[in-house]
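Subject: A structure for you to look at

Hello,

Here is the structure I promised to pass on. Please open it beside this email and follow along.

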Amino acid sequence: QAKRQGRNHYQFYTADISERFHVSVTIRNELQHVLEQNALQLFYQPIFSAKDHTIVGVEALLRWQREDGSYVSPAEFIPLAEDSGQIIPIGSWVLQQACSDGVRLQEYGDFQVAVNLSSIQVHRANFIESLKHTLNLTGFKSSKLNLELTESILMEDSHQAIRILDALRVQGFSVSIDDFGTGFSSLSYLKSLPIDTLKIDRSFIQDVISGKHDAAIARGIIAMASQLDLNVVAEGVETAEQVAFVEEAGCHYMQGFYFARPMPFSELICFIQNYKAKRS
Ligand code: C2E
Ligand code: MG
Ligand code: MG
Ligand code: MG
């Protein structure tokens, strides 16, 4: 009996793996056509000042809607697009769309627009040239564009990374380290990097109220980053208690479902106008 169960279990397991493989092959194939099918969309999530809860900027988050109306999570398809090289045209589309939305957004206030970048994009030889090209095309200002990179981009080749970051800074872009705390970079290493902002990963914020260790890590990151003159954003703030915690810890900015979920551009405009009206 036990043996049979074991075997059934095994079969279930392999079926699960092959199904997942099948799904990723399907997504891989569909990915090749997302641009021509206009299946990509940018959502925007506002970022708030901890000081006075004004909106200081937004983060662009990619959405892919399939023909049946379902959404594929970027956490699922970005890695596949990176593998296949599709991230290059997709990433260019994201930058262009975010910059042209960014130009329209300036009519409603002085907002930064943050865009997530993949390592493969950043390490392309013509990366900075293509960024400048996008700004020229759209009329968006580099000082309004914030580039979000993950720690891994910086760890792969730190000399190359520093060269790229320096060049970005010369061009007037600001740079954030995304998901900070999940990689292996140390704060002493950060000291040598020309970056502006750390975004504390959501996983630390989640348990700041219940978990003593996460609270200590979050406090530590905020305190040390401030000493290094870096801005700190708390990602994934969902409750009033978490807001109170990160404010008390001296965090500068907050982003999360407590304030707003990612939303289409047209909803973002409504959100900004309502938010302003409510507070004045
Ligand atoms: P990320 O850059 O760290 O973005 C934050 C993620 O956390 C987003 O997930 C956002 O919807 C989610 N989030 C924000 N606030 C909360 C909260 O309070 N609670 C919870 N549970 N989640 C929250 P999303 O949109 O699914 O994106 C996942 C990841 O995919 C992003 O993580 C980013 O690494 C990547 N990604 C998204 N758009 C792009 C893009 O245009 N290019 C690249 N290369 N990567 C992207
Ligand atoms: Mg991000
Ligand atoms: Mg993040
Ligand atoms: Mg992430």
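Below is what was found in it, site by site.

One caution before the details: this is a predicted model.

**The first magnesium site**

Start with the magnesium ion (ligand 2). Its protein donors are Glu59 (OE), Asn116 (OD1), Glu148 (OE) and Asp178 (OD). They lie 2.0 to 2.2 Å from the ion. Along the chain, these donors follow the spacing E-x56-N-x31-E-x29-D. Glu59 belongs to strand E2 (residues 55-65) and Asp178 to strand E6 (residues 174-180), so the pair ties together parts that are 119 residues apart in sequence.

Are these donors buried or exposed? Take Glu59 to begin with: at a relative accessible area of 4%, Glu59 is buried. Asp178 is buried as well, at 6%. Glu148 has a relative accessible area of 2%, so Glu148 also counts as buried, the cut-off being under 20%.

**The second magnesium site**

Now move to the magnesium ion (ligand 3). Asp178 (OD), Asp179 (OD) and Glu235 (OE) coordinate this ion, with Glu235 (OE) listed twice. The distances run from 2.0 to 2.4 Å. Here the donor spacing along the chain is D-D-x55-E. Asp178 sits in strand E6, while Glu235 sits in the loop between strand E8 (231-234) and helix H11 (240-248). The pair links distant parts of the chain, 57 residues apart. Glu235 is buried, with a relative accessible area of 9%.

Which residue bridges the two magnesium ions, ligand 3 and ligand 2? Look at Asp178: this residue coordinates both ions. The ions are 4.1 Å apart.

**Ligand 1**

Next, find ligand 1. There are 22 residues around it. Which of them come nearest? They are Arg63, Asn116, Asp178, Glu238 and Phe257. Two of these names are familiar from the metal sites: Asn116 and Asp178 are donors of the magnesium ion (ligand 2).

Some polar side-chain atoms can be picked out here. One from Arg63 lies 2.8 Å from an oxygen atom of ligand 1. One from Glu59 lies 3.0 Å from an oxygen atom of the ligand. For Asp179, the distance to a ligand oxygen is 3.0 Å. Taken alone, ligand 1 exposes 800 Å², and the protein buries 83% of that.

**Salt bridges**

How many salt bridges are there? The count comes to 10. Three of them are worth finding on screen.

Begin with Glu148 and Lys199. Their closest N and O atoms are 2.6 Å apart. Glu148 is in strand E5 (residues 145-150) and Lys199 is in strand E7 (residues 197-200), so this salt bridge ties together parts that are 51 residues apart in sequence. Lys199 is buried, with a relative accessible area of 1%. Salt bridges that share partners join Glu59, Glu148, Lys199 and Glu235 into one network. Within that network, Glu59 and Glu148 are donors of the magnesium ion (ligand 2), and Glu235 coordinates the magnesium ion (ligand 3).

Then look at Asp83 and Arg28. The closest N and O atoms of this salt bridge are 4.0 Å apart. Asp83 is in helix H2 (residues 74-84) and Arg28 in helix H1 (residues 2-31), 55 residues apart. Asp83 is exposed, at 59% relative accessibility. Arg28 is partly exposed, at 31%.

Last, find Lys132 and Glu129. Their side chains meet in a salt bridge of 3.6 Å, N to O. Both residues lie in helix H5 (residues 127-138). They are three residues apart, about one turn of the helix. Lys132 is partly exposed, at 28% relative accessibility.

**Helix H3**

Finish with a check you can repeat. Helix H3 (residues 87-105) has 19 residues. At 1.5 Å a residue, the helix should span 27 Å. Its end C-alpha atoms are 25 Å apart, which agrees.

Which residues of H3 are buried? Among them are Ile87, Ile88, Ile90, Gly91, Val94 and Leu95. Further along H3, Ala98, Cys99, Asp101, Gly102 and Leu105 are buried too.

Try finding Asp178 on screen to start, as it coordinates both magnesium ions.

Best wishes

Terms used. Residues numbered from 1 in each chain as written. Chains lettered and ligands numbered in written order. Predicted model: local features only at pLDDT ≥ 70, side-chain atom pairs only at ≥ 80, totals over all residues. Heavy atoms only, no water. Helix = DSSP H or I, 4+ residues; strand = E, 2+ residues; numbered from the N terminus. Expected span 1.5 Å × (residues − 1). Buried < 20%, exposed > 50% of the residue type's maximum accessible area, 1.4 Å probe, protein only. Donors = N, O, S within 2.8 Å, 3.2 Å for Na, K, Ca; no water. Near = heavy atom within 4 Å. Polar contact = N/O pair within 3.5 Å; in protein donor to acceptor, adjacent residues only side chain to side chain. Areas by Shrake-Rupley, 256 points an atom, 1.4 Å probe, with all protein chains shown as cover.
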